[in-house]
Amino acid sequence: MAVKYSKVRDFGAKDRKTRKMSNKMWTLRRVYRTKTIAKETAQRYRAKGWLARVIKSVDKGWAVYTHRPR
């Protein structure tokens, strides 16, 4: 019997390098302890033309996710 695909189980997994948000695949770049440093990194990616997000990571700090529009 086929198992139904679950986006919650696939992309909600701990320590996963990619994440699906707003119908786009986002890549985890790095996790920082402070939000200020994470925001600076996100701004550097945005200056290159990338999309960048800063998200609270579970018990690790602040994560920077990027998406490269094609």
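Visitor: What makes this an open sheet of 4 strands, and how are the strands ordered?

Guide: The order is S1-S2-S4-S3, with antiparallel pairing, where strands are DSSP runs of E of at least two residues, numbered from the N terminus, and two strands pair if DSSP finds at least two bridges between them. Strand S1 (18–21) and strand S3 (51–57) are the edge strands, because each pairs on one side only. From one strand to the next the twist averages 40°, angles running from 0 to 180 degrees between the N-to-C directions of lines fitted to C-alpha atoms. The model is predicted, so local features need pLDDT of at least 70 and side-chain atom pairs 80 or more, whereas totals for chains, interfaces and linings use all residues. Residues are numbered from 1 along each chain as its sequence is written, and side-chain values use heavy atoms, leaving out hydrogens and water.

Visitor: How do you know that S1 and strand S2 pair?

Guide: S1 and strand S2 (residues 24–32) share 4 bridges in the antiparallel sense, against the required minimum of at least two. Lys20 stands opposite Met25 in S2.

Visitor: Why is the pair of Tyr45 and Trp50 called tilted?

Guide: Rings of Phe, Tyr and Trp (its six-membered ring) pair if their centres lie within 6.5 Å, with planes under 30 degrees apart stacked, over 60 edge-to-face and the rest tilted. The centres of Tyr45 and Trp50 are 5.5 Å apart and their planes at 50°, so the pair is tilted.

Visitor: What makes Arg53 count as lying over the face of Trp26?

Guide: The criterion asks for NZ of Lys or CZ of Arg within 6 Å of the ring centre and within 35 degrees of the ring normal; Arg53 lies over the face of Trp26 at 5.1 Å from the ring centre.
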